[in-house]
Each structure stands twice: as C-alpha cells, then as structure tokens.
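Colleague: Got a minute to go through this one with me? I'd like to hear the reasoning behind the labels.

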Amino acid sequence: MGILDNKSVKYLKGIGEVRAKNLSTELNISTFRDLLNYFPTRHIDRSRFYTISELHEEMPYVQIRGQFVNFTVEGEGAKGRLKGAFSDGKRLMEVVWFSKINKLRDLYHIGVEYVLFGKPGFFNNTPQMVHPEIEKYNPEQPPEGFQGVYSLTEKMRRKGMSSRLFPVALRSLMESDAFRDLEETLPVEVINAYNLMGLRDAYREMHFPSGTDNLARARLRMKFEELFYLELNIMRFAMHRNTAIAGHFLPRVGNCFNKFYSEVLPFDLTGAQKRVLKEIRSDMVTGRQMNRLLQGDVGSGKTLVAFMTLLIGVDNGLQGSLMAPTEILASQHYETLKEWCEPLGISVKLLTGSTKVKERRIIHEGLQSGEIQILVGTHALLEEKVEFKNLGIAIIDEQHRFGVAQRARLWHKNRIPPHVLVMTATPIPRTLAMTVYGDLDVSVIDELPPGRKPIATFLRYDDNRMEINRLINIQLMEGRQIYIVYPLVRENPKLELKSVEEGFERITGLFPDVGVSMVHGQMSTEKKDREMEKFVSGENRIMVATTVIEVGVNVPNASVMIIENAERFGLSQLHQLRGRVGRGADKSYCILVTRQQIGQDTRKRWRIMTETTDGFVVSEADMKLRGPGDMEGTQQSGLAFNLRVADLAKDGQIVSLARQGAKKILESHPEFY
C-alpha cells in the first residue's frame with residue numbers, strides 16, 4: 001500500500017477535517033485513492049451556450065445565457081411555486097422552483113445576465129427548467145468544457161456541500177507527488193494488446209475530460225480493468241479446481257441409460273437436450289469434477305436431462321441425489337423419477353423435513369449400504385446423518401435458492417467429490433452468466449419440446465374487471481385452474497396496491513362454488529404446503545398468492561395466470577410467474593393487470609412480455625432496464641462484486657475482451673494460479 005491508500009483527504013484543498021469526516025461517513029471516501037475512484041455519475045458539456053429554440057426533451061443538461069423578465073408566485077404554503085420568465089434575447093422559457101420560494105425571489109433580479117444550467121423539459125409545449133443551477137454571467141470567464149457531476153447524499157447537501165467540492169479537491173490531488181508516483185495496475189502486455197490508456201491519463205480524463213473521444217477511452221480503460229480482475233479471479237478459481245480437484249471417471253453409458261432412452265422414454269429428446277447431454281457426458285470422462293450450470297426455460301425438459309445424468313452415475317455403480325428448495329417441488333420430482341425408475345429396477349427415495357423418523361432410519365441405512373441408488377429431497381439432504389456409500393452425481397434444482405455454503409456441503413458427502421449439475425429456470429443473459437457463473441461451465445436448453453403452445457399474454461387495466469372475470473369463468477367451466485398473484489399480503493393504506501387477503505375475500509365472493517387456496521410467505525410451512533396441495537390435487541380450483549408460487553408448483557391443468565399490480569414486478573419475475581401455466585395441452589393465458597397511468601419503463605416491459613415468451617429475450621431486456629444487481633439469482637451466486645464503472649447489461653463486448661485477456665495472462669503465467 002502506498003501514499004494514495006494512507007493519506008487522508010482532509011489534506012486536500014477545499015476539504016479539511018469536518019468535510020473529510022462527512023465524506024467518510026456518507027460516501028466511504030477516506031483516502032486519496034477512495035477519492036480518485038469516486039467517479040462522476042455523468043459528464044455534462046459546459047463548453048457552449050444553447051439557445052432556447054434548440055432545446056428538446058431528450059437533451060442532457062445544458063446551459064443558457066440570458067435574463068429574467070418577470071417573476072410570479074403561484075399557490076401558497078407547501079403547494080406554492082415560484083415561476084420566472086427567462087429570455088435569451090429571442091425566445092422565452094419558464095423556470096420553476098417548488099421550495100425556498102421567498103429566499104430565491106430575493107436572490108435573483110430582473111435585467112441581470114445569468115447563466116442557467118439544468119435539464120430542459122416542456123410543459124404545455126413551453127420550454128422549462130426546474131430548479132436549475134444559476135450563476136451571474138462573467139464575460140471574462142470562458143465556458144468550462146466537460147464537467148463531472150458527482151452524487152451527494154441529502155445530508156451532505158443540507159450541510160452546504162456541493163458537487164463542486166470534488167473538482168477542487170481532485171485538482172489538488174493530481175498535483176501531488178502521490179499521484180505523480182501512481183504505478184500502473186495492468187500488465188504491460190495487456191495494455192499494449194488492447195491499446196488501453198495509461199492509468200494516470202485515464203484518471204485525469206475520467207474526472208476532467210479533454211473531449212468526448214478521450215473520455216470514451218478513459219471509460220474503456222477503467223471498465224476493462226474492473227472486468228479483467230473480476231474475470232481473472234473467476235478463471236483462477238476455475239483453473240485451480242479443474243487441475244486440483246479430482247472427480248469420478250464415468251466411461252460407461254450402460255443398460256439403465258440405454259433401456260430408458262429406447263424403451264421407457266415416450267418421445268424423442270429435443271436437439272438442445274441431446275446437445276446438453278453430450279456436454280455432460282464429455283465432463284464425466286475427464287477424471288475431473290464436473291461443475292455445470294444448466295439453464296432452460298420453464299418446460300424445456302431440464303428434469304429429464306437431470307434424470308439421464310443420474311442414470312450415467314447409476315450405470316457406473318454410483319449413487320445420485322437431486323435437491324430442490326421446497327417440499328412440494330421435491331415431491332413432484334420424486335413422483336416423476338419414481339415413475340421413470342420403476343421399469344428400470346432403480347431404487348429411488350424421498351427425504352424432506354416431513355419424513356417420519358422410522359422412514360428416515362430406513363433411508364439412512366439404504367444410502368450407506370448402497371441399496372438406495374437415487375435420493376430426492378430438500379435441505380434435509382445436507383444433514384450430517386445423511387451419508388452415501390458412494391455419491392457420484394449431485395443435482396441442485398433452482399440453484400439460486402441455495403447458498404454457496406449449502407451447495408459446498410454436498411461436496412463433502414463423498415471422498416471423491418461428486419459431479420455437480422445445478423439447474424435454473426431463470427434464464428440469465430450470456431454476459432451475466434459469464435461473470436456471475438464464470439467458474440461453472442454453462443449449458444443451455446434453448447428450445448421447447450414440440451407441441452407446447454405459447455402462452456398468450458395480455459395487458460388489461462383495472463377497469464377491465466368484467467372481461468377478466470369472464471375469462472376466469474369460462475376456464476373454470478372447462479375444468480381448468482387459475483392463479484391470481486398479488487404484490488402484498490395484506491392491505492397497506494400508504495400503498496395503493498391490492499393484497500392477497502383482500503383478493504381472497506373478493507374471489508371467494510365472486511366464485512362461491514369453487515374451492516380457493518390462499519398462500520403467502522407469512523403462513524407457516526405446514527399451512528402453506530396444505531393449501532398448495534389442495535390446489536395441486538385439484539380440490540381447489542383457484543390459487544390466490546404472493547410470489548411464493550413463482551417456483552415449484554407444477555399443475556398442468558392450470559391455464560390462467562393473473563398478475564395484479566403487475567407494474568410492481570420486474571420482467572424476469574413476471575416471466576417466472578407466467579411459466580406456472582402452459583404446462584398442459586390446453587391454450588393458456590397470462591393477464592397483466594395494472595392501473596391506467598403507468599410510466600414509459602413499465603410500458604416497455606409490457607411490450608416485451610406481450611411480444612415474446614422466450615426467457616432469454618426477456619432476461620436480456622430485464623437486465624438492460626434494471627441492471628444486473630437486481631436480477632434474481634445473482635445475489636446467491638457466491639460472487640459478491642460491486643462494479644464502479646462497468647455495466648454488465650451494456651458492456652458485453654468489454655466483458656468478452658477482459659475474459660480473453662485474463663485467459664491469455666493465465667496461460668502465459670501459470671504461476672498465477
């Protein structure tokens with residue numbers, strides 16, 4: 001660690017002891033290096049003055065030179081506002097303030113030349129700026145050029161600190177010996193190979209751009225470095241695992257696999273399923289542990305691929321396990337696997353938290369003797385008492401529901417770690433998968449079995465209730481089942497959102513002759529499972545729930561998914577909920593219900609949801625709209641990283657370059673791992 005890491009920002013111009021304390025508390029900026037790495041949230045062009053006639057709503061922040069011609073105060077108290085008519089000599093625009101009205105009215109004067117700086121907008125076709133920055137025009141001071149905008153907390157603003165603090169302090173820092181002695185952090189061969197800007201120059205351009213081209217080059221350098229070291233660490237871990245961790249050598253595709261494929265399987269595998277099985281089989285003959293992520297949309301046939309993977313283990317004299325996050329999902333997997341195992345003479349058992357003590361004892365003994373060949377279950381599989389004779393394949397369904405430490409406990413169930421296949425029905429964009437799951441090999445089932453009907457998705461507003469209820473009624477008369485999902489458990493006066501409890505009362509009133517299940521996260525596990533089971537069995541025909549049903553319920557007879565207050569959900573979550581229906585042969589529907597007034601981002605989400613049922617298209621769009629940090633699954637991946645400059649949603653090309661660079665370094669410097 002050098003001076004940059006040890007020197008306090010209090011020694012920089014414009015900061016001092018008090019501001020240094022605020023910077024540390026509010027923004028975690030304590031040292032010179034912390035400040036250098038606190039980049040502007042955006043850059044604004046103050047190199048020229050715009051005219052009012054040039055303004056349009058899509059423009060970023062701009063500056064305009066002119067004079068106020070009058071001021072008016074409208075409304076009183078909290079609803080009051082100050083309006084100023086501002087002229088650039090040719091046209092008028094409106095300037096509006098909603099707070100500190102009296103102070104501002106005394107601060108600015110008619111006939112004085114000012115420079116306004118802000119985001120242009122329009123109200124009733126009139127150009128407008130709300131709460132712009134305002135300075136008196138100084139003809140001897142030329143426009144500033146590009147300028148960084150730094151984010152501050154509200155507490156800092158209340159203490160009188162402004163974004164202008166940063167340029168002053170940073171100029172002081174860049175004139176110091178500490179900055180002049182700053183050492184390069186990327187290998188020279190990487191800088192030369194990718195024609196990257198040097199580190200000192202990149203820092204200067206990030207904070208004080210000399211032009212758009214140099215700013216772009218500086219951003220590329222900083223993004224590349226972040227992603228390079230992220231990818232380097234991921235690949236070092238993967239390479240170490242691949243060279244240091246031995247796995248079972250499984251050369252045989254034997255009797256069980258072949259008999260199932262040719263005699264039991266009632267349909268042919270899709271091309272994608274065959275490709276993925278080939279990738280899995282190639283892992284199992286390397287003598288190294290397989291660690292593979294299997295992605296596939298709901299209904300793409302992941303369970304079948306998982307079962308055939310387990311059969312490879314059985315054919316080679318090993319045991320297999322399949323772990324699911326809920327008892328209902330584990331039970332459904334067990335019923336499916338039991339049906340497939342019976343004609344093959346394979347012993348399969350189910351172990352969950354509800355398994356009785358006597359049955360547990362039998363299972364424990366059967367696992368240790370090797371009599372039980374496949375075990376399906378929940379977290380109960382991770383208990384210390386659960387000991388296998390020779391566990392060869394461990395499969396984890398909906399893997400993001402399990403923590404990294406939990407998954408790792410499966411490794412210790414055997415002297416030789418089992419091959420691991422983790423599955424998810426949450427499609428993950430390629431750039432995110434490369435990074436978040438970069439230590440895993442990724443397989444994708446990207447086609448649905450033939451004959452599967454796409455789910456018809458529609459947007460309906462609150463005032464379309466009669467139409468929605470008519471659809472429910474028709475589907476119930478045809479013997480189908482219905483899901484209705486709500487964002488809240490119970491009513492909250494502060495939020496104008498519908499709740500499960502309110503919905504349960506309304507639906508039972510509308511359809512008194514139909515059994516209705518209610519499920520939400522605040523119910524006990526026993527009650528929740530009981531209500532779920534009533535719906536799964538068909539005893540109840542309508543399920544009102546929160547998103548707890550997003551994963552783990554397979555009801556082929558369910559044909560309608562209604563999502564209330566759909567504007568409250570992200571795209572990937574909406575797609576997961578939609579995947580609860582369309583599992584049978586009947587036409588299925590997903591109805592997104594929302595209020596009439598919704599924003600542009602919400603409308604974009606609706607357009608994507610109604611135009612495609614492809615989970616990978618949906619997930620790409622979701623990442624671009626929300627960013628990778630909000631996407632389900634990334635938090636449990638085991639790779640906690642915060643990117644300051646790079647954006648996985650937009651920087652896919654740089655991710656690929658950084659990964660390529662990291663790979664070359666590791667190949668030419670094996671001592672790094």
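What follows is a short talk about salt bridges, exposure and core packing in this predicted model.

Colleague: Why is the pair Glu335 and Lys338 called a salt bridge?

Modeller: The N to O distance between their side chains is 3.9 Å, and the cut-off is within 4 Å, so the pair counts. Both residues sit in helix 14, three residues apart, about one turn of the helix.

Colleague: What makes Glu335 partly exposed?

Modeller: Its relative accessible area is 45%. Exposed would need over 50% and buried under 20%, so Glu335 falls in between. Lys338, at 28%, is partly exposed by the same rule.

Colleague: And how do you know that Arg460 is not buried?

Modeller: Arg460 has a relative accessible area of 22%, and buried means under 20%, so Arg460 is partly exposed. Its salt-bridge partner Glu467, with 2.9 Å from N to O, is partly exposed at 36%.

Colleague: Which residues are joined into one network by salt bridges that share partners?

Modeller: Arg275, Glu279, Asp283, Arg292 and Asp446. Within it, Asp283 and Arg292 have their closest N and O atoms 2.7 Å apart, and both are buried.

Colleague: What makes up the contact of helix 11 with helix 13?

Modeller: Its residues divide into 10 nonpolar, one polar and one charged. The two helices pack at an angle of about 145°, their axes 7 Å apart. Phe260 in helix 11 and Phe307 in helix 13 are among the residues that meet there. Both also belong to the largest nonpolar core, which has 38 residues, and helix 13 gives the most to that core, with nine residues.

Notes: Residues numbered from 1 in each chain as written. Predicted model: local features only at pLDDT ≥ 70, side-chain atom pairs only at ≥ 80, totals over all residues. Heavy atoms only, no water. Core = buried A, V, L, I, M, F, W, Y, C linked by side-chain atoms within 4.5 Å. Buried < 20%, exposed > 50% of the residue type's maximum accessible area, 1.4 Å probe, protein only. Helix = DSSP H or I, 4+ residues; strand = E, 2+ residues; numbered from the N terminus. Axes fitted to C-alpha atoms, helices over the stretch in contact; angles between N-to-C directions. Contact = heavy atoms within 4.5 Å. Nonpolar A, V, L, I, M, F, W, Y, C, P; charged D, E, K, R; others polar.
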